[in-house]
Amino acid sequence: MSRPVVLIAEELSPATVDALGPDFEVRSVDGTDRPALLAALADANAILVRSATKVDAEAIAAAPNLKVIARAGVGLDNVDIKAATQAGVMVVNAPTSNIISAAELTVGHILSLARHIPAAHAALAVGEWKRSAYSGTELYEKTVGIIGLGRIGALITARLQAFGVEVIAYDPYITSARAQQLGVQTVSLEELLERSDFITIHMPKTPETTGMIGAEQMKLMKPTAYIVNVARGGLIDEDALHDALVAGTIAGAGLDVFVSEPPRESPLLALPNVVVTPHLGASTGEAQEKAGVSVAKSVRLALAGELVPDAVNVAGGVIDPYVRPGIPLVEKLGQIFSGLATGSLTAVDIEVRGELVDYDVSVLKLAALKGIFTNVVSETVSYVNAPVLAEQRGIAVRLITEAESPEYRNVITIRGALADGTQVSVSGTLTGTKQTEKLVGINGYEIEVPLAENLIVMLYTDRPGIVAVYGREFGESGINIAGMQIARHEAGGQALSVLTVDSPVPAEVIDRVRTAIDADALVAIEITE
């Protein structure tokens, strides 16, 4: 079999290729050469880019085999996420690859502002010895305000606390317990602006945060205060910042990002109380290598059909190790469910019971949908397009969690309503130290059958000799029964029999057994990995 094709469209570290391993055919193309890029995408299963390659709707349409777009970095401005999602293409990035580099650059800007390091260097470099002109200020016992106490904000906090500063923060989404754990006092934005000697902003750029530090906010700051932005251009109103710096409303600013990059026309570049760098937040060898290795690992997972924690167009986020073993179980339950469903599906519930509800189990809903659609639609089903397939078919999907689980530590049920009014349900669990996958319920019947690649599910009227009949039929057809369990609600009523067999069962054998035992339902289900 030919190996999947991974297209590298920009220069990445050698460690990136090493992380991909030998299982892929790695090709290179200049992502800025549009015709060459579109031609190379025709055979690509994955593409790795940085910031220069534009992966838009046209590029995605030119790649019929594309499964994953990987951005070796944080931003995704050059990737059309909506078009990728519609095409069932996973988009991944490396959200934590540059956090240490960005935190360290922030501290560098703060120190540069406090001690006038760039200006002092520039003066001395041309022979000027101006010690008195560059008298600075200590960080010790100063107040540093952090706007946005996420991963980078927390790293900056840890580093600055060694200088003996007081750290205060504004973040509407941080819990008081988390802030206390970091040794940070949370305050309102107004109080932070009024109290801080140094302010650094670490917020995502959204319509709500764009220009969040403008003229009114700068009026609240001390005239001796400095502000730093290494996060996103536009969080600080650049015109208002220029006016405040010229008027002496604030003392200075450190900027790594700008509304327009490069900022050739920006009057901020000419001010003596501004320290600027050309978007260097992720520009370290370590950050670039981390980004490449991270997305290479994501590509491996994506092309193996597994969920990728860093996929930006897949719900679920980081998966807890306690939840992860349930993913393949639920995918298989989804395949069993679709095998039992005899009509079109109108609604499906994924019900999680037990200790799992203490964790984020949203990934299990994705796994269930992927399993349900895997063998019933013509296109390749992924964790990206499975929810889209459900939406397109008008299927209402719910995730239900319930802490009470009387029989098992955890049990997961997929329950669906069909267009004819009937309902189908399957339940499964993981048991023992080996986390054995077991099927523990079908349509209200309680069973406990280890999952296997090939299953036969039969519903028939309970009566003597029935097992001998279908046992003989399968035996004569060369079908070896590996395991079997029968469940019933009452003697003489309907019985459910679940068999695990060693090989797929031909349709004509199923038809013959159905007739021989006068089955109300009889299906063979082959579970694909």
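**Exercise 1. Helices H16 and H17**

Determine how H16 and H17 are oriented to each other in this predicted model, and which residues join them.

*Solution.* Begin with the axes: in this predicted model, those of helix H16 (residues 466–476) and helix H17 (residues 507–517) come within 10 Å and cross at roughly 160 degrees. Next, apply the cut-off, by which angles over 145 degrees count as roughly antiparallel; H16 and H17 are therefore roughly antiparallel to each other. The hand of the crossing is right-handed. Then list the contact, in which Ile466, Val469, Tyr470, Glu473 and Phe474 of H16 meet Val509, Arg512, Val513, Ala516 and Ile517 of H17. Sorted by class, this contact of H16 with H17 holds 8 nonpolar and 2 charged residues, with no polar ones.

**Exercise 2. Helices H5 and H7**

Classify the crossing of H5 and H7 by angle and hand, and describe the residues in the contact.

*Solution.* Two packed helices are described by the angle between their axes and by the distance between those axes. For helix H5 (residues 99–115) and helix H7 (residues 151–161), the axes come within 9 Å and cross at roughly 50 degrees. This angle makes H5 oblique to H7, and the crossing of the two is right-handed. On the H5 side, the contact is formed by Ile99, Ile100, Ala102, Ala103, Glu104, Thr106, Val107 and Ile110, which meet Arg151, Ile152, Leu155, Ile156, Arg159 and Leu160 in H7. The residues of this contact of H5 with H7 divide into 10 nonpolar, 1 polar and 3 charged.

**Exercise 3. Backbone exceptions in loops**

Locate the cis peptide bond that ends at Pro262, and the positive phi values at His279 and Gln435, and state whether these last two residues are buried, partly exposed or exposed.

*Solution.* The background is that most residues other than glycine have a negative phi, and most peptide bonds are trans. Against this, the bond from Glu261 to Pro262 is cis, with omega near -5 degrees, and Pro262 lies in the loop between strand E11 (252–255) and strand E12 (274–276).

His279, although not a glycine, has a positive phi of about 55 degrees, and its place is the loop between E12 and helix H12 (285–303). Because its relative accessibility is 38%, His279 counts as partly exposed.

Gln435, which is likewise not a glycine, has a positive phi of about 50 degrees and lies in the loop between strand E16 (423–431) and strand E17 (436–442). With a relative accessible area of 36%, Gln435 is partly exposed.

Note on methods: Residues numbered from 1 in each chain as written. Predicted model: local features only at pLDDT ≥ 70, side-chain atom pairs only at ≥ 80, totals over all residues. Heavy atoms only, no water. Helix = DSSP H or I, 4+ residues; strand = E, 2+ residues; numbered from the N terminus. Buried < 20%, exposed > 50% of the residue type's maximum accessible area, 1.4 Å probe, protein only. Axes fitted to C-alpha atoms, helices over the stretch in contact; angles between N-to-C directions. Parallel < 35°, antiparallel > 145°, perpendicular 65-115°, else oblique. Left-handed = near helix turned anticlockwise from the far one by under 90°. Contact = heavy atoms within 4.5 Å. Nonpolar A, V, L, I, M, F, W, Y, C, P; charged D, E, K, R; others polar.
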